[in-house]
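Please look over the model below. The report that follows takes its side-chain contacts, pockets and helices in turn.

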Amino acid sequence: MRTRAYQLVAPGRGELVTAELPEPGPGQLVLRVVANGVCASDLPTWAAAAPDGPHRLGHEPTGEVVATGPGVTIALGTLVGGRIAPSFAEHALAELDDVVVLPDGVDPAVALPEPLGCVAEGLRRTPVPLGAHVAVIGLGFMGLVMTQLLRTTGVARLVAVDPRDDARRTALANGADAAHDPSDLPPSAFSGEDSPARHGFDVVVEASGTQAGLDLAGRLVRPHGALSILGYHQSVREVDLRSWNWKALDVVNAHVRDRALLRASTAAALELVAAGRLDPGRLITHRFRLDQADAAFEALRSKPAGFVKAVVDVY
């Protein structure tokens, strides 16, 4: 099969090429891509375009099954999604173990199964007691999805933290009880050796992927609280292990690398979308065509006012 695909050819620049897609083998299927989320984890590759390329990007697709290999019982025409790469293309080859069928009524243009699954798995791994006071640091797409998910749990208070005013407003519109700039948090938000134990948060979710966000998370979580690291840290970080140790924190690396866990959490998240308890569509703020993939990445990098999530539409 021949298909059109986006291929990175220089730093910050790609082009559409005609690519050969192999016939699906055992346990594989081909989907006609409908839409792709643009993920921040691909941004360094797009911006740098390492010389070992050319690179093909994308791993957040939804699409329609158009061909299947031996052992695949998903019917042609079924709408699916999952962590499938590369997927900035008209067609993508997927392994059955990575594929989740979209529930009836879920719009493939806004479903974004893979990142929803990542956040859902992060929440599953994070201990959130009934009646907890919770803070989310970093209000990009992942942090805002986590805000939506936490709103469906039994938390007593949900506080969002980000330096961007528009991100804080979006968090309030998506379930946060309060939103603060990191420099404007009340003294009662902090917990340390010199603070009463009642100060701080029971759970802090760090979704910024930055050193500053990680530092702040450690300062906000109360003794014997939980610090959940949802942010994707692509550089070496330092942590205040003395403080973490003194506070006796439960520290959760909320990333998922096991494909079975991701698939299960993706299916669970899509059921929440189908039930109306999770709404990724309201977080998609910018849409682009496949031949505008560079503009989509630039929007992700520059974050114009109101930006949360870019999606590349293919069909």
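## Charges over rings

The charged end of Arg32 is placed over the ring of Tyr315, at 4.7 Å from the ring centre. Lys309 makes a similar approach to Phe141: the lysine lies over the face of the ring, 4.8 Å from its centre. The model is predicted. Every value here is computed from it.

## Aromatic pairs

Searching the whole structure turns up three aromatic pairs. Tyr6 and Phe88 make one of them, with centres 6.2 Å apart and planes at 85°, an edge-to-face arrangement. Tyr6 belongs to strand β1 (residues 2-10), while Phe88 sits in the loop between β5 (79-82) and β6 (91-95), so this pair ties together parts that are 82 residues apart in sequence. Tyr6 is buried, at 3% relative accessible area. Phe88 is buried too, at 1%.

Phe88 also pairs with Phe297. Their ring centres are 5.9 Å apart and their planes stand at 80°, over the 60 degrees required, so this pair is edge-to-face. Phe88 is in the loop between β5 and β6 and Phe297 is in helix α8 (residues 293-302), so the pair ties together parts 209 residues apart in sequence. Phe297 has a relative accessibility of 0%, which counts as buried. Ring pairs join Tyr6, Trp46, Phe88 and Phe297 into a cluster.

## Helix α8

Which residues of α8 are buried? They are Ala293, Asp294, Ala296, Phe297, Ala299 and Leu300. The cover over these buried residues includes strands β1, β2 (13-20), β14 (284-289) and β15 (309-313), along with helix α1 (43-48). Strand β1 also carries Tyr6 of the ring cluster. Just after α8, Lys303 adopts a positive phi of about 50°.

## The largest pocket

The largest pocket has a volume of about 1,000 Å³. Its lining takes in 45 residues, and those nearest the pocket centre are Ala40, Met142, Ala207, Ser208 and Tyr232. Four helices each give two or more residues to this lining: α2 (113-125), α3 (141-151), α5 (211-220) and α8. By class, the lining has 23 nonpolar, 12 polar and 10 charged residues.

Helix α5 has a buried set of its own: Gly213, Leu214, Leu216, Ala217, Gly218 and Leu220. Among the elements covering these residues are strands β8 (133-137), β9, β11 and β12 (221-229), plus helix α6 (241-246).

## The second largest pocket

The second largest pocket holds about 210 Å³ of space. It is lined by 14 residues, with His133, Arg157, Ser188, Gly200 and Phe201 nearest its centre. Strands β9 (157-161) and β11 (201-206) are the elements that give two or more residues to this lining. Both strands also help to cover the buried residues of α5. The lining divides into five nonpolar, five polar and four charged residues.

## The cavity

How many cavities of 30 Å³ or more are there? The count is one. About 50 Å³ of space lies in this cavity. Its lining is made up of Gly82, Arg83, Asp97, Asp98, Val100, Glu114, Arg259, Leu262, Arg263 and Thr266.

Helix α7 (residues 259-274) gives the most to the lining, with four residues. By class, six lining residues are charged, two are polar and two are nonpolar.

## Ala167 in helix α4

Ala167 is part of helix α4 (residues 165-173). Is Ala167 buried or exposed? Its relative accessible area is 4%, under the 20% limit, so Ala167 is buried.

Leaving aside residues up to four places away in sequence, Ala167 touches Leu139, Leu144 and Asp162. Leu144 falls within α3 (141-151). The C-alpha atom of Ala167 lies 9.0 Å from that of Ala305, although the two residues are 138 apart along the chain.

Methods:
Residues numbered from 1 in each chain as written. Predicted model: local features only at pLDDT ≥ 70, side-chain atom pairs only at ≥ 80, totals over all residues. Heavy atoms only, no water. Phe/Tyr/Trp six-rings, centres within 6.5 Å; stacked < 30°, edge-to-face > 60°. Buried < 20%, exposed > 50% of the residue type's maximum accessible area, 1.4 Å probe, protein only. Lys NZ or Arg CZ within 6 Å of the ring centre and 35° of its normal. 1 Å grid on protein atoms, 1.4 Å probe; cavity = no way out; pocket = protein on both sides within 12 Å on 5 of 7 lines; lining within 4 Å. Points joined across faces, edges and corners; volume = space filled by probe spheres on them. Nonpolar A, V, L, I, M, F, W, Y, C, P; charged D, E, K, R; others polar. Contact = heavy atoms within 4.5 Å.
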